[in-house]
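Student: I have not seen this structure before. Please take me through it in questions and answers.

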Amino acid sequence: MRLMRAVYGNAANGWLRQARYKPEMALNKELIEILACPKCKGALSLRPDESAFDCPVCQLAYKVLDDIPNFIVEEAEPMPQIQKEVRG
Ligand SMILES: [Zn+2]
């Protein structure tokens, strides 16, 4: 139990440090959480390989090129239908 408390205590301190520490990531999580679909304003999900943002509502994929997401609706690609079937 004492160990658990120590872990939680360190985690709390970690939050404060993280606020100042900027990780050298091309797409950081805070930024991703802010990003919304330009069409429906819904939440986007980043692909594990960070190649595109998917909007499950519009069934559109916003491609990421050179670490820059392209949120032009006209240039977004339709999500492959296979993904829907694989999920279930
Ligand atoms: Zn959308």
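Tutor: A definition comes first: pLDDT is the predictor's confidence in each residue, on a scale from 0 to 100. This is a predicted model, in which local features need pLDDT of at least 70, side-chain atom pairs count only at pLDDT 80 or more, and totals for chains, interfaces and linings use all residues. Residues are numbered from 1 along each chain as its sequence is written.

Student: What is the mean pLDDT of the protein?

Tutor: Of the residues in the protein, 52% reach a pLDDT of 70 or more. Where pLDDT is low, the predicted coordinates should not be read in detail. The mean for the protein is 74.

Student: In what order do the elements run from the N terminus on?

Tutor: Helices (H or I, at least four residues) and strands (E, at least two) are DSSP runs, numbered from the N terminus. The protein has 3 helices and 5 strands. From the N terminus on, the order is α-α-β-β-β-β-β-α.

Student: Which element has the lowest confidence?

Tutor: At the upper end is strand S5 (residues 77-78), where confidence is highest, at 95. At the lower end the mean is 51, and this belongs to residues 2-20, helix H1.

Student: Which strand gives the largest share of the largest nonpolar core?

Tutor: A residue is buried if 20 or more other C-beta atoms lie within 10 Å of its own, exposed if 12 or fewer, and partly exposed in between, with C-beta atoms placed from the backbone. A nonpolar core is a set of buried Ala, Val, Leu, Ile, Met, Phe, Trp, Tyr and Cys residues joined through C-beta atoms within 7 Å. Here the largest one has 8 residues, namely Cys37, Leu44, Ala52, Phe53, Cys55, Leu60, Tyr62 and Ala76; strand S2 (52-55) and strand S3 (60-65) each give two or more of them. The largest share, 3 residues, comes from S2.

Student: What percentage of the residues in the protein is buried?

Tutor: In soluble globular proteins, nonpolar side chains tend to be buried together. The protein has 88 residues, and the buried part of them is 9%.

Student: Why is leucine 44 counted as buried?

Tutor: Leucine 44 sits in the loop between helix H2 (29-34) and strand S1 (45-46). Two residues are in contact if their C-beta atoms, placed from the backbone, lie within 7 Å. Leaving out residues up to four places away in sequence, leucine 44 touches Leu35, Ala36, Cys37, Phe53, Asp54, Cys55 and Tyr62. Leucine 44 counts as buried because the number of other C-beta atoms within 10 Å is 23.

Student: Which residue is the bridge partner of serine 45 in S2?

Tutor: Two strands pair if DSSP finds at least two bridges between them. S1 and S2 do so in the antiparallel sense, over 2 bridges. In S2, serine 45 has as its bridge partner aspartate 54.

Student: Which residue in the hairpin of S1 and S2 takes a positive phi?

Tutor: Most residues other than glycine have a negative phi, and most peptide bonds are trans. This hairpin has 5 residues between its strands. The residue with a phi near 60° is partly exposed, with 14 other C-beta atoms within 10 Å. It is glutamate 50.

Student: Over how many bridges do S2 and S3 pair?

Tutor: Phenylalanine 53 stands opposite tyrosine 62, and cysteine 55 has leucine 60 as its bridge partner. The hairpin of S2 and S3 has 4 residues between the strands, and glutamine 59 in the turn has a positive phi of about 60°. The two strands pair in the antiparallel sense, and the number of bridges is 4.

Student: Which residues does cysteine 58 touch, not counting residues up to four places away in sequence?

Tutor: Cysteine 58 is placed in the loop between S2 and S3. It is partly exposed, with 18 other C-beta atoms within 10 Å. The residues touched by cysteine 58 are Cys37, Lys39 and Cys40.

Student: Which residue in S4 is the bridge partner of valine 64?

Tutor: S3 pairs in the antiparallel sense with strand S4 (residues 68-69) over 2 bridges. Their hairpin has 2 residues between the strands, and aspartate 66 in the turn has a positive phi of about 55°. The partner of valine 64 in S4 is proline 69.
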